[in-house]
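Dear colleague,

I am handing over the structure we spoke about, with notes on its side-chain interactions below. Please read them alongside the model itself.

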Amino acid sequence: MGEIDKLIEEYKRLGYLKSKKVERAFRKVKRELFVPDELKDQAYIDTPLPIPGNVTISAPHMHVICLEELELKRGEKFLEVGAGSGIFLAYAYEIIKEKNKVFGIEINEETYKFALNNLERAGYADKVKLLLGDGSLGLPDEAPFDKILISAAAPDFPKPLINQLKIGGTILGIIGYYEQYLVKGIKKSEDKIEKKVVLPVVFLPLKGKYGW
């Protein structure tokens, strides 16, 4: 049994991995292409790993949990804030399966360049769009989005991101500083977000105007 098979078996046992589409995406995207070359042999260890820019790529189980909670569907428009290594954009594309629908923003230039290179070598550079900038401001020119993921810890869901989410859309993010929780929000109306705590987590703080 390969490393990825062992992870999948474990994630199913723990209840993290529930859907075929998430399993397919998890198998298709090669995690070893999104970690530094010197850490390739650790790509499928279930732990965060350091990447350029003094940040990390999340543990694989975290990606699976976020994919399941987002419930991405084919053809939806998706934005990731704090795209890091770029791997989640690749996962999202494997479910959404349409060009010009998957967007990411990364504030750290060193991390951004690393992610661009990863997406290029993994074959996603022409399928997803990664931008350098303050992700807490979102991408108003591309709004509205069906789903938004904030891959860093924020004080709350940034107002611009809520504004750029469709009614009925999902925003998933880490809220808190010393105590952090993965929180799922459903936009019920222009001024109402219904929130649900998914689980406690540990993430790096979100930078930018609506970060820390």
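Which side chain of opposite charge is nearest to Glu106, and how far away is it? This is a predicted model, in which local features need pLDDT of at least 70 and side-chain atom pairs count only at pLDDT 80 or more, while totals for chains, interfaces and linings use all residues. Residues are numbered from 1 along each chain as its sequence is written, and side-chain values use heavy atoms, with hydrogens and water left out.

The nearest side chain of opposite charge is Lys207, 7.7 Å away, and Glu106 is buried without a salt bridge. Here buried means under 20% relative accessible area, exposed over 50%, and partly exposed in between, with a 1.4 Å probe and protein chains only; Lys and Arg count as positive and Asp and Glu as negative, with His and the chain ends not counted; and a salt bridge is a side-chain nitrogen of Lys or Arg within 4 Å of a carboxyl oxygen of Asp or Glu. Glu106 belongs to strand S4, residues 102–106, where helices (H or I, at least four residues) and strands (E, at least two) are DSSP runs numbered from the N terminus. Its side chain reaches the backbone nitrogen of Gly84 at 2.8 Å, a polar contact being a pair of N or O atoms within 3.5 Å, where within protein one must be able to donate a hydrogen and the other to accept it, and residues adjacent in sequence count only if both atoms are side-chain atoms. Beyond its neighbours within four places in sequence, Glu106 is in contact (heavy atoms within 4.5 Å) with residues including Gly82, Ala83, Gly84, Thr111 and Tyr112.

Turning to the charged pairs, the count comes to 20 salt bridges. One of them joins Lys184 to Glu69 at 3.4 Å, N to O; because Lys184 lies in strand S8 and Glu69 in helix H3 (residues 60–70), this pair ties together parts that are 115 residues apart in sequence, and both residues are buried. Another joins Glu142 to Lys77 at 3.2 Å, N to O, with Glu142 partly exposed at 27% relative accessibility and Lys77 buried at 18%. The charged end of Lys77 also sits over the ring of Phe145, 6.0 Å from its centre, a charge being over a ring if NZ of Lys or CZ of Arg is within 6 Å of the ring centre and within 35 degrees of the ring normal. In addition, a network of salt bridges links Asp5, Lys12, Glu23 and Arg27.

As for the aromatic residues, a search of the whole structure finds nine aromatic pairs, for which rings of Phe, Tyr and Trp (its six-membered ring) pair if their centres lie within 6.5 Å, and planes under 30 degrees apart count as stacked, over 60 as edge-to-face and the rest as tilted. The rings of Phe26 and Tyr91 are stacked, because their centres are 6.0 Å apart and their planes at 25 degrees. Phe26 lies in helix H2 (residues 20–28) and Tyr91 in helix H4 (residues 87–96), so the pair ties together parts that are 65 residues apart in sequence. Phe26 is buried at 2% relative accessibility, as is Tyr91 at 1%, and both belong to one aromatic cluster with Tyr11, Tyr16, Phe78 and Phe88.

With best wishes
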